[in-house]
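Here is a short tour for someone meeting this protein for the first time. Keep the sequence and the 3D view at hand while you read.

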Amino acid sequence: MSETVVELKPAAPALSLPREIAPEDWARYRGNMAEILDALGLPLGTPGTRDTPERFLRALFEATSGYDGDPKLVTTFPTESDAAGGQPLAQIVEGPIAFSALCEHHALPFHGHAHVGYIAGERIIGISKLTRLVRLFSRRFTVQERLGEQIADTLAALVEPEGVAVRLEASHLCTQMRGVEEHSRTTTTAWRGVYRDAELRREFLDLAR
Ligand SMILES: [Zn+2]
């Protein structure tokens, strides 16, 4: 597990625009997909498989809906009054948040759960927004390390907290399905700001366990 702590550097939240695929393009993709599935050995003439190319494309489109952005993520709230008196705030840790992503090397799923924590400055974000944030970046083609970094940087940009911690644990089907390493789980962490303090990192990992 990496112990590197990165300085807080808020980046603009990646709240992209909804994707649009024209019907004629969609029809072409469906044909391409049918050709590929057929070549791989799937019999496409049965009642159960006739619509599989279409269903597979739709499923991929939904599994990558993170590219459509999430406008509901931008709302944050002022921290409750106690914080103004210089009282240091406790960690806010949410998890386990289940997620599924597609590995960008194989376009196969990796899935597991996330713990997201932060120490608020002047603003907080609704707890359910942390789940939205994980979804925004996990429903894409990505790699686990980048996923953690994007969640951390975007949360930092949204609430400008004192620090952010993200821990991801996942199983990768691209290794499991091909029998390389049957049951391994990969853990990654991303730290920002005051999580340079080893005590805080320990406390977060205890809460995340
Ligand atoms: Zn992979």
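Does Thr52 count as buried or exposed? Thr52 counts as buried, because its relative accessibility is 19% and the cut-off for buried is under 20%. Thr52 belongs to helix α2, which covers residues 52-63. Beyond its neighbours within four places in sequence, Thr52 is in contact with Leu37 and Leu42.

**Overall make-up**

The model is predicted. The protein has 209 residues, and 38% of them are buried. It holds six helices and seven strands. Read from the N terminus, the elements follow the order α-α-β-β-β-β-α-β-α-β-α-β-α. Take the contacts with a separation of 6 or more: 72% of them join residues 24 or more positions apart. The exposed surface comes to about 11600 Å². Carbon and sulfur atoms supply 55% of that area.

**The sheet**

Five strands form an open sheet. Their order is β5-β2-β3-β6-β7, and the pairing is mixed. Which strands stand at the edges? They are β5 (141-142) and β7 (186-193). Each has a single partner strand, so one side of each is left without a neighbour in the sheet.

Three of the pairings are set out here.

| Strand pair | Sense | Bridges | Facing residues |
|---|---|---|---|
| β2 and β3 | antiparallel | 10 bridges | Ser100 and His111 |
| β3 and β6 | antiparallel | 10 bridges | His113 and Glu169 |
| β2 and β5 | parallel | two bridges | Cys103 and Thr142 |

β2 and β3 also make a hairpin, with five residues between them. Ala107 sits in the turn and has a positive phi of about 60°.

One helix lies across this sheet. α4 crosses β2, β3, β5, β6 and β7. It runs at about 155° to β6.

**The nonpolar cores**

The largest nonpolar core has 29 residues. Phe99, Val116, Tyr118, Ile125, Ile151, Leu155 and Val166 touch the most other members. The elements that give two or more residues to this core are β2, β3, α3 (127-138), α4 (144-159) and β6 (163-172). Which of them gives the most? It is α4, with seven residues.

Leu155 shows how this core is knitted together. Neighbours within four places in sequence aside, Leu155 is in contact with Val116, Gly117, Tyr118, Ile125, Leu130, Leu133, Glu160, Pro161 and Val164. Another core, of seven residues, lies apart from the largest one. Its members include Trp191, Leu200, Phe204 and Leu205.

**The zinc site**

Which residues are the protein donors of the zinc ion? They are Cys103 through SG, His106 through ND1 and Cys174 through SG. These donors lie 2.1 to 2.3 Å from the ion. Their spacing in sequence is C-x2-H-x67-C. His106 and Cys174 link distant parts of the chain, 68 residues apart. His106 is in the loop between β2 (91-103) and β3 (109-119), while Cys174 is in helix α5 (residues 173-176).

The two also contrast in how much they are covered. His106 is partly exposed, with a relative accessible area of 38%. Cys174 counts as buried, because its relative accessibility is 6%. Cys103 also has a place in the sheet, standing opposite Thr142 in β5.

**A loop residue with distant partners**

Arg139 lies in the loop between α3 and β5. Is Arg139 buried or partly exposed? Arg139 is partly exposed, because its relative accessible area is 33%, and the buried class ends under 20%. Along the chain, Arg139 and Phe61 are 78 residues apart. Their C-alpha atoms are separated by 9.4 Å. Leaving out neighbours within four places in sequence, Arg139 is in contact with Glu62, Ala63, Thr64, Ser65, Gly66, Tyr67 and Ser100. The last of these, Ser100, has His111 in β3 as its bridge partner.

Conventions:
Residues numbered from 1 in each chain as written. Predicted model: local features only at pLDDT ≥ 70, side-chain atom pairs only at ≥ 80, totals over all residues. Heavy atoms only, no water. Donors = N, O, S within 2.8 Å, 3.2 Å for Na, K, Ca; no water. Helix = DSSP H or I, 4+ residues; strand = E, 2+ residues; numbered from the N terminus. Buried < 20%, exposed > 50% of the residue type's maximum accessible area, 1.4 Å probe, protein only. Core = buried A, V, L, I, M, F, W, Y, C linked by side-chain atoms within 4.5 Å. Contact = heavy atoms within 4.5 Å. Areas by Shrake-Rupley, 256 points an atom, 1.4 Å probe, with all protein chains shown as cover. Pairing = 2+ DSSP bridges. Axes fitted to C-alpha atoms, helices over the stretch in contact; angles between N-to-C directions.
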